[in-house]
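Here are a few short exercises to work through with the structure open beside you. Try each task before you read its solution.

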Protein chains: 2
Amino acid sequence: MVMQDVTQDEGRDAALIGLDWGSTGLRAWLIGAGGSVLSARQAPLGASVLSGDAAYAQALEQLTGDWQRARPELPLLACGMVGSQHGWREVPYLNCPADAAMLAAQMSSQMPAGAGGLRIVPGLLDEPHDGTPDVMRGEETQILGAVALHPDLADATLILPGTHSKWARLRQGHVLGFATQMTGELFALLREHSVLGRLMVDTGGEPDWNAFDEGVAAAREQGTAEGLLHQLFGVRALGLRQRLPNTGAADYLSGLLIGHELVVGVATLLPVQPLALVGDAALCHRYVEALKQFGVHDVKTLENTAPAGLWRLARELALA
Amino acid sequence: MVMQDVTQDEGRDAALIGLDWGSTGLRAWLIGAGGSVLSARQAPLGASVLSGDAAYAQALEQLTGDWQRARPELPLLACGMVGSQHGWREVPYLNCPADAAMLAAQMSSQMPAGAGGLRIVPGLLDEPHDGTPDVMRGEETQILGAVALHPDLADATLILPGTHSKWARLRQGHVLGFATQMTGELFALLREHSVLGRLMVDTGGEPDWNAFDEGVAAAREQGTAEGLLHQLFGVRALGLRQRLPNTGAADYLSGLLIGHELVVGVATLLPVQPLALVGDAALCHRYVEALKQFGVHDVKTLENTAPAGLWRLARELALA
């Protein structure tokens, strides 16, 4: 049997089927020996739109059925919200500090028929005695992948920008702790639904880097004294005073929010060097630009590392 | 002619027709000698839904036409977004510091036919050399009213909570400067559109004051170190860890946001005592509770003071 969208040779090389099964989307990879991606697929079949065993099994079949039938012996690993309370099967959070071996040991394979022997990666929990607790699901696997691809990141600070940006401190390959910042979600909310969004004119072209840099500078220089809630209204006041063009307002806001994230992150996490960014290239570029204002110039940027993380876990379980 | 919803005696006592004409709504008062409210009306005829002279004139007629016909000599004063760039007629912002005399001197009466001789109060601008600029329209009139009703507030800090909460510093009746915080709008956005809103169960009853107090405490104790963007995600993590009931999540968020507002406001503005709150009673109550955690116990609370402010301006112009 020839695998759809994969050459026969590649199909033969496959060692693992990996899934990043989030709230809104499902991504599937056919992964070769060494963790390379032989084929990738995605569909808007996230945990937030699925309910019940049959719906999950059907989504899995839709994206990976042909791969499974061609190579029934391939292990099937998934990370992300599929393991949450509202996912297919809940896999409890694992406490920090945690490493690949501990994550692998807590993976759940107690799945119903139709799951093809799927194993789900647990999320991570960081619950300090005197602070706000925090959780992640999916990013722990991207972190493992980043370290698998770049062993020098075993002692590092990793930033995974996104809807819920994650800052993780690593030592000797253990995730010591992490902090989530709602930067991306807040940007989207303010852009789409707030009084600020109504000012914004989208040019569809390159970001207005001047406006972005000014937003970062406002956060770095005055963010703590003025507060985010005040500086957000400043986006409007700057526009009314014609000190910010409508075409730059969205990028100023982006810089302001990322700047506030960095003010906290740099103060609390940056002592652990090196620093690497993991995620969408265009978004990571914004962080690279913003970090320059904080005196951080040497930043590695990696695109999606989840397949390498799933491969790392499969090796840990001696499945691949 | 007998005025609708006002007794003949009250109509005779009227000295001013006052309007608070905001973005979303129009409020009208028939104001007696001394600034007392004889009659009040409102309609969802704010500047954001009106366009062109005829639409504004029609809204004015709808709310005050009978009052105007019964007493054509009454002056007509309006504050709020009606004087903005997108209002009926733009009245330029007045720079801080400013007092009642300066605001009265800058009021615009260059209106088209159908405006009944309406005069519009200018907004205020605070544009520091080294910080974010800020603007208000409407609140300057509420501030004048608060001082007219309570002369000891001529040297005070006033907080006007709301969608865009305003903190104003007053000395000898002059507004020295002010800062807007987007607290109310952010709460509404997060409640209605974010991942946090989906956790929240509305009981419709009394606020969960325990949850509210915990939100304030998180902001006061860890807000600067952890940052608002991180603590927002904490609302979710606390829920997942069953440390915050779904029925308390909205009040925790309310406390967290008001707490962040207070961390900045108390640090920068509170040296100017006394402190007074002006606005919706239930919302002001939240601020009174939150301020206790900051060691502030003696806070005056005033409901809408715009009519008294409009009366103060009419007196300044010798119109009443």
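A residue counts as buried when its relative accessible area is under 20%, and as exposed when that value is over 50%. Keep in mind that this is a predicted model.

**Exercise 1. Describe the overall build of chain A.**

Solution. Start with the secondary structure: chain A has ten helices and 13 strands. Next, turn to its dimensions, where the C-alpha trace spans about 65 × 40 × 35 Å along the principal axes. Then test the chain against the rule for a compact globule: 320 residues would give a radius of gyration near 20 Å, and the 21 Å of chain A agrees with this. Finally, apply the burial cut-off, by which 58% of the 320 residues are buried.

**Exercise 2. Work out what share of the contacts in chain A joins residues 24 or more positions apart.**

Solution. First keep the contacts with a separation of 6 or more; of these, 65% link residues at least 24 positions apart.

**Exercise 3. Characterise the surface and charges of chain A.**

Solution. Begin with the area: about 12,900 Å² is exposed, and carbon and sulfur atoms supply 48% of it. Now count charges, which gives 22 positive and 35 negative ones. Their mean positions lie 1 Å apart.

**Exercise 4. Find how chains A and B are related.**

Solution. Superpose chain A on chain B: this takes a rotation of 180 degrees with 0.0 Å of shift along the axis, and the RMSD is 0.0 Å. The two copies are therefore related as by a two-fold rotation axis. Then compare the interfaces: 100% of the interface residues of chain A are also interface residues in chain B, so the copies meet through the same surface.

**Exercise 5. Decide whether B:Gly83 is buried or exposed, and place it in its surroundings.**

Solution. Locate B:Gly83 in the loop between β4 (76–79) and β5 (94–95) of chain B. Its relative accessibility is 0%, so B:Gly83 counts as buried. Beyond its neighbours within four places in sequence, B:Gly83 contacts B:Arg89, B:Glu90, B:Val91, B:Ile120 and B:Arg137. As a last step, look at B:Gly123: it is 40 residues from B:Gly83 in sequence, with 7.7 Å between their C-alpha atoms.

**Exercise 6. Do the same for A:Gln142.**

Solution. A:Gln142 sits in helix α4 (residues 139–149) of chain A. With a relative accessible area of 14%, A:Gln142 is buried, because the cut-off is under 20%. Leaving out residues up to four places away in sequence, A:Gln142 touches A:Asp20, A:Leu160, A:Val278, A:Asn304, A:Thr305 and A:Ala306.

Note on methods:
Residues are numbered from 1 along each chain as its sequence is written. Chains are lettered from A and ligands numbered from 1 in the order in which they are written. This is a predicted model: local features need pLDDT of at least 70, side-chain atom pairs count only at pLDDT 80 or more; totals for chains, interfaces and linings use all residues. Side-chain values use heavy atoms; hydrogens and water are left out. Helices (H or I, at least four residues) and strands (E, at least two) are DSSP runs, numbered from the N terminus. The radius of gyration is taken over C-alpha atoms; the globule rule is 2.2 Å times the number of residues to the power 0.38. Buried means under 20% relative accessible area, exposed over 50%, partly exposed in between (1.4 Å probe, protein chains only). Contact means heavy atoms within 4.5 Å. Accessible areas come from the Shrake-Rupley method with a 1.4 Å probe; for residues, only the protein chains shown count as cover. Lys and Arg count as positive and Asp and Glu as negative; His and the chain ends are not counted. The place of a charge is taken as NZ of Lys, CZ of Arg, CG of Asp or CD of Glu. Copies are superposed by least squares on the C-alpha atoms of residues with pLDDT of at least 70 in both.
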